[in-house]
Amino acid sequence: MKDHYENPGLLITDQNLAGEVVWRSPSNIAFIKYWGKYGHQLPKNASLSMSLTESFTETSLQFKFTKGEPKWQFYFENQENPVFANRIWKYFSGLSAIYPYLHQLDITIDTKNSFPHSTGIASSASAFSALALCLVDMEKQIFQPQLSDFDFFTKASYLARMGSGSAARSVFGGYSIWGAAKSVSELTENKYAIAFTNEIHPVFQQLNDAILIVDRGVKSVSSSAGHSLMDQHPYADDRMNQASKNLSAVVLAIKDGHIQEFIRILENEALSLHALMMSGNPWFILMKPQTLQILERIKEFRQNTGYFIGFTLDAGPNVHVVYGNENELEIVQFIEKELKPLCFNHQIIYDKIGVGPKKIK
Ligand code: PMV
């Protein structure tokens with residue numbers, strides 16, 4: 001299996017070439033957090049996530065052969081968006097060794113999210129995975145009609161990673177692992193994610209994620225700045241050991257159906273991520289007072305009921321409430337009554353484990 005996809009000199013010869021591909025790809029929520037990177041978007045530790053259903057990006061990529069200066073256009077929710085466009089064109093320039101023929105194409109990208117942009121939900125995982133799937137599909141149409149599904153999604157993961165690390169995991173449904181963790185699976189790699197489908201215990205086959213929007217403000221630390229904190233972090237080595245232990249343990253918990261162990265690791269990962277930010281140089285506190293209140297209430301509710309409910313956080317104040325299907329009704333009632341009043345504009349996105357990306361056209 002090729003582990004890189006450079007293809008210098010690959011050029012389009014069909015001057016009538018034109019087409020369109022459309023993909024929908026989900027966001028994902030990491031249970032074991034990727035935090036810290038090196039080289040070209042390679043992870044300092046392996047991560048594991050669950051792909052979602054309701055939170056997704058849908059992207060259309062139209063392409064047409066051109067002999068002249070190529071025209072690249074980008075629309076986000078039907079409007080031009082220079083900030084997003086610049087990020088995409090920069091991403092395209094970084095792909096020149098893999099896609100040397102991009103400059104032979106006029107390209108129009110139209111993209112939209114299922115969730116409001118103002119919620120502070122990170123959309124880079126769904127956005128870059130949808131775009132990567134479009135790129136691989138376009139290439140398949142132009143050059144490789146026989147590409148196997150495995151190769152297709154592995155390449156999409158590889159390309160998605162180059163846009164945003166966490167996007168590598170979104171090209172698969174269910175759970176996926178990104179980053180070399182050979183003790184977990186020989187197939188794991190830093191350059192792309194793999195689907196983690198083996199022996200999932202029934203309690204983990206249906207998992208819910210209520211995303212509580214605590215604050216929708218502009219991120220106070222960019223993802224890249226956050227990752228770079230790990231370059232000089234005094235706890236960097238300990239973090240790598242912790243992530244590696246937590247990954248092995250969570251994989252076992254998911255296989256064996258150990259809910260308490262799963263929740264212990266889930267919350268340990270979330271709070272460790274924030275502790276690393278607080279102890280970084282410079283430091284960041286990304287939780288809000290309501291975030292802390294929500295975490296306390298979840299813990300108390302779990303202690304009182306014994307239900308399968310826990311939380312995780314990304315690099316921001318919003319809380320992902322993760323819970324099983326058993327007692328779903330009671331848990332949703334608790335969320336509505338106790339947690340919703342603490343959310344910004346009472347905003348909650350009820351999401352759940354998903355089947356992965358979908359080709360729309
Ligand atoms: O993909 P990035 O560079 O936006 O990093 C995502 C980092 C976390 O969301 C905090 C953790 C993760 O693994 O998704």
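## Exercises on a predicted model

Arg161 sits over the face of Tyr158, 5.0 Å from the ring centre. Keep in mind that this is a predicted model. With that contact as a warm-up, here are some exercises to work through.

**Exercise 1.** Check the length of helix α1 (residues 82-94), then find where its buried residues are and what covers them.

*Solution.* Start with the span: at 1.5 Å a residue, the 13 residues of α1 should cover 18 Å, and the end C-alpha atoms are indeed 18 Å apart, so the two agree. Next, list the buried residues of α1: Ala85, Ile88, Trp89, Tyr91 and Phe92. They take up an arc of only 155 degrees around the axis, which means that they lie on the same side of α1. Now turn to the face pointing away from that buried side: there you meet the exposed residues Val83, Asn86 and Lys90. Finally, look at the cover over the buried residues, which includes β5 (72-76), β7 (105-113), α2 (124-142) and α3 (149-163).

**Exercise 2.** Classify the ring pair of Phe31 and Phe262, and then follow Phe262 to Phe308.

*Solution.* A pair of aromatic rings is described by the distance of the centres and the angle of the planes. The model holds 21 aromatic pairs. For Phe31 and Phe262, the centres are 5.2 Å apart with 90 degrees between the planes, an edge-to-face pair. Place both rings in the chain: Phe31 belongs to strand β1 (residues 18-32) and Phe262 to helix α6 (residues 259-278), 231 residues apart, and the pair links these distant parts. Phe31 has 1% relative accessibility, so Phe31 counts as buried; Phe262, at 0%, counts as buried too. Moving on, the rings of Phe262 and Phe308 have centres 6.0 Å apart and planes at 80 degrees, so this pair is edge-to-face. Phe308 lies in the loop between α7 (289-305) and β11 (309-313), so its pairing with Phe262 in α6 ties together parts 46 residues apart in sequence. To finish, collect the cluster: Phe31, Tyr175, Phe196, Phe204, Phe262 and Phe308 form one aromatic cluster.

**Exercise 3.** Inspect the backbone at Gln41, Asn327 and Pro282.

*Solution.* Take Gln41: although not a glycine, it has a positive phi of about 60 degrees. Gln41 is in the loop between β2 (37-38) and β3 (42-43), and its relative accessible area of 10% makes it buried. Asn327, also not a glycine, has a positive phi of about 60 degrees. Asn327 is in the loop between β12 (319-324) and α8 (328-339); at 23% relative accessibility, Asn327 counts as partly exposed. Lastly, the peptide bond from Asn281 to Pro282 is cis, with omega near 5 degrees, and Pro282 is in the loop between α6 and α7.

Technical notes
Residues are numbered from 1 along each chain as its sequence is written. This is a predicted model: local features need pLDDT of at least 70, side-chain atom pairs count only at pLDDT 80 or more; totals for chains, interfaces and linings use all residues. Side-chain values use heavy atoms; hydrogens and water are left out. Helices (H or I, at least four residues) and strands (E, at least two) are DSSP runs, numbered from the N terminus. The expected span of a helix is 1.5 Å times one less than its number of residues. Buried means under 20% relative accessible area, exposed over 50%, partly exposed in between (1.4 Å probe, protein chains only). The arc is that of the directions from the helix axis to the C-beta atoms. Contact means heavy atoms within 4.5 Å. Rings of Phe, Tyr and Trp (its six-membered ring) pair if their centres lie within 6.5 Å; planes under 30 degrees apart count as stacked, over 60 as edge-to-face and the rest as tilted. A charge sits over a ring if NZ of Lys or CZ of Arg is within 6 Å of the ring centre and within 35 degrees of the ring normal.
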